[in-house]
Amino acid sequence: MWQNIIGREISYTATAEDIRRELGLLSQISEEKVELSKIKKKCEKCGHDEASYYTRQMRSADEGQTTFYTCTKCLHQFQDN
Ligand SMILES: [Zn+2]
């Protein structure tokens with residue numbers, strides 16, 4: 001979950017600069033996703049059955065590639081584990 005990743009980052013760094021960088025990264029991700037494909041995927045928040053998605057290599061090597069989804073109805077962001 002994004003929330004967990006962000007919480008961990010902030011607890012490690014705790015400077016305003018790092019938090020801003022993290023938020024900037026998230027907004028870049030949102031913009032990237034507008035261009036991307038849609039897929040049948042049930043939103044975990046509102047139950048809508050279509051989401052846009054993309055894959056991203058995580059910074060830590062052991063996390064590998066992760067697929068991110070954005071609900072096309074409520075814009076909730078979530079990912080597969
Ligand atoms: Zn939704």
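**Notebook: the zinc site**

I started with Cys 46, which counts as partly exposed because its relative accessibility is 35%. The model I am reading is predicted.

Next I looked up where Cys 46 sits: the loop between E1 and E2. I then listed its contacts, leaving out residues up to four places away in sequence, and found Cys 71, Lys 73 and Cys 74.

I turned to the metal. Which protein atoms are the donors of the zinc ion? I noted the SG atoms of Cys 43, Cys 46, Cys 71 and Cys 74, lying 2.3 to 2.4 Å from the zinc ion. Along the chain these donors follow the spacing C-x2-C-x24-C-x2-C. Cys 46 and Cys 74 link distant parts of the chain, being 28 residues apart. I placed Cys 46 between strand E1 (38–40) and strand E2 (50–57), and Cys 74 in the loop between strand E3 (65–71) and strand E4 (77–79).

I checked the geometry. The four donor atoms subtend angles of 107 to 113 degrees around the zinc ion, so the arrangement is tetrahedral. The cut-off I applied asks that all angles lie between 85 and 135 degrees.

I compared with the record. UniProt, in an unreviewed entry, places the feature "binding site" at Cys 43, Cys 46, Cys 71 and Cys 74. These positions are spread over 32 residues of sequence, yet they cluster in space, with 8.7 Å as the largest C-alpha distance.

I went back to accessibility for two other donors. Is Cys 71 buried or exposed? I entered Cys 71 as buried, because its relative accessible area is 0%. For Cys 74 the relative accessible area is 32%, so I entered that residue as partly exposed.

Cys 71 needed a longer note. I found Cys 71 in strand E3. Leaving out residues up to four places away in sequence, I recorded that Cys 71 touches two zinc donors, Cys 43 and Cys 46. The other contacts I wrote down for Cys 71 are His 48, Glu 50, Ala 51, His 76 and Phe 78.

Last, I looked for disulfides. How many does the structure hold? I entered zero disulfides. The cysteines I have followed here, Cys 43, Cys 46, Cys 71 and Cys 74, are donors of the zinc ion.

Key: Residues are numbered from 1 along each chain as its sequence is written. This is a predicted model: local features need pLDDT of at least 70, side-chain atom pairs count only at pLDDT 80 or more; totals for chains, interfaces and linings use all residues. Side-chain values use heavy atoms; hydrogens and water are left out. Donors are N, O and S atoms within 2.8 Å of the metal (3.2 Å for Na, K and Ca); water is not among the atoms, so sites may look incomplete. Four donors count as tetrahedral if all angles lie between 85 and 135 degrees; four count as square planar and six as octahedral if opposite donors are over 155 degrees apart and all others between 65 and 115; anything else is irregular. Helices (H or I, at least four residues) and strands (E, at least two) are DSSP runs, numbered from the N terminus. Buried means under 20% relative accessible area, exposed over 50%, partly exposed in between (1.4 Å probe, protein chains only). UniProt positions are given in the numbering used here, feature names are shortened, and annotations may be inferred rather than shown by experiment. Contact means heavy atoms within 4.5 Å. A disulfide is a pair of cysteine sulfur atoms within 2.5 Å.
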